[in-house]
Amino acid sequence: MSLADELSRLDELRQRGVLSDEEFARAKARLLAGAAAPAPALDAVNRLRRSRGDRWLGGVCGGLARATGVEAWIWRLVTAGLALFGGTGVLLYLLLWIFVPEDPV
């Protein structure tokens, strides 16, 4: 059910007298607050920055390690493994190096 459907359902309940004005306001605020909260995965992507301290080339694996909580050597191993299989790791690393901003000082 979409946010607009939920709000119209709450308004209908208020008009029928099932909800008081105060209960309606609380339910509406709770519904709108839940809709505004970003997804945890989206928050992790927005925090992704290339590392300045834990880097071999561009700091991509160090930044991925900080954002995900997985050790950087594991990300380096995954990247090297993907590089062996058709060069995918090299392509992904280069794209992340280009598009992910560097960590501010």
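Start by selecting helix α4, residues 60–68: seven of its nine residues are buried, so the helix is mostly covered. The model on screen is a predicted one. Show the side chains of α4 and pick out V60, C61, G62, G63, L64, A65 and A67, which are its buried residues. Then step just past the end of α4 to G69, where phi is positive, at about 85°.

**The whole chain**

Zoom out and colour by secondary structure. The chain has six helices and zero strands, and from the N terminus the order of elements reads α-α-α-α-α-α. Of its 105 residues, 22% count as buried. Among contacts with a separation of 6 or more, 41% are between residues 24 or more positions apart.

**α4 against α6**

Keep α4 displayed and add helix α6, residues 88–99. How far apart are the axes of α4 and α6, and at what angle do the helices pack? The axes are 10 Å apart and the angle is about 80°. The two helices are therefore roughly perpendicular. To see the contact itself, select V60, C61 and L64 on the α4 side, and Y93, L96 and W97 on the α6 side. By class, this contact consists of six nonpolar residues, with no polar and no charged ones. V60, C61 and L64 are also on the list of buried residues of α4.

**α5 against α6**

Leave α6 in view, hide α4 and bring up helix α5, residues 72–84. The axes of α5 and α6 come within 5 Å and cross at roughly 125°. α5 is therefore oblique to α6. Select T79, L82 and A83 from α5, then T88, G89, V90, L92 and Y93 from α6, to display the residues that make this contact. They divide into five nonpolar, three polar and no charged residues. Y93 belongs to this contact, and Y93 also takes part in the contact of α4 with α6.

**R76 in α5**

Stay on α5 and centre on R76, which is located in this helix. Is R76 buried or exposed? R76 is buried, with a relative accessible area of 16%. Draw a distance between the side chains of R76 and D54: a polar contact of 3.0 Å joins them. Now show the rest of the surroundings. Neighbours within four places in sequence aside, R76 is in contact with D54, R55, W56, C61 and G62. Two of these, C61 and G62, are among the buried residues of α4.

**F99 in α6**

Return to α6 and select F99, a residue of that helix. F99 is exposed, its relative accessible area being 63%. Add R49 to the selection and compare the two C-alpha atoms. F99 and R49 are 50 residues apart in sequence, and their C-alpha atoms are 9.7 Å apart in space.

**Annotated spans**

Finish with two ranges taken from the UniProt record. Select residues 5–32, where an unreviewed UniProt entry places the feature "domain: SHOCT". This span is 86% helix and 0% strand, and its end C-alpha atoms lie 12 Å apart. Then select residues 81–100, which the unreviewed entry gives as "transmembrane region". Here the chain is 80% helix and 0% strand, with 21 Å between the end C-alpha atoms. Helix α6, at residues 88–99, can be highlighted in a second colour for orientation.

Definitions and conventions. Residues numbered from 1 in each chain as written. Predicted model: local features only at pLDDT ≥ 70, side-chain atom pairs only at ≥ 80, totals over all residues. Heavy atoms only, no water. UniProt positions renumbered as here; feature names shortened; annotations may be inferred. Helix = DSSP H or I, 4+ residues; strand = E, 2+ residues; numbered from the N terminus. Axes fitted to C-alpha atoms, helices over the stretch in contact; angles between N-to-C directions. Parallel < 35°, antiparallel > 145°, perpendicular 65-115°, else oblique. Contact = heavy atoms within 4.5 Å. Nonpolar A, V, L, I, M, F, W, Y, C, P; charged D, E, K, R; others polar. Buried < 20%, exposed > 50% of the residue type's maximum accessible area, 1.4 Å probe, protein only. Polar contact = N/O pair within 3.5 Å; in protein donor to acceptor, adjacent residues only side chain to side chain.
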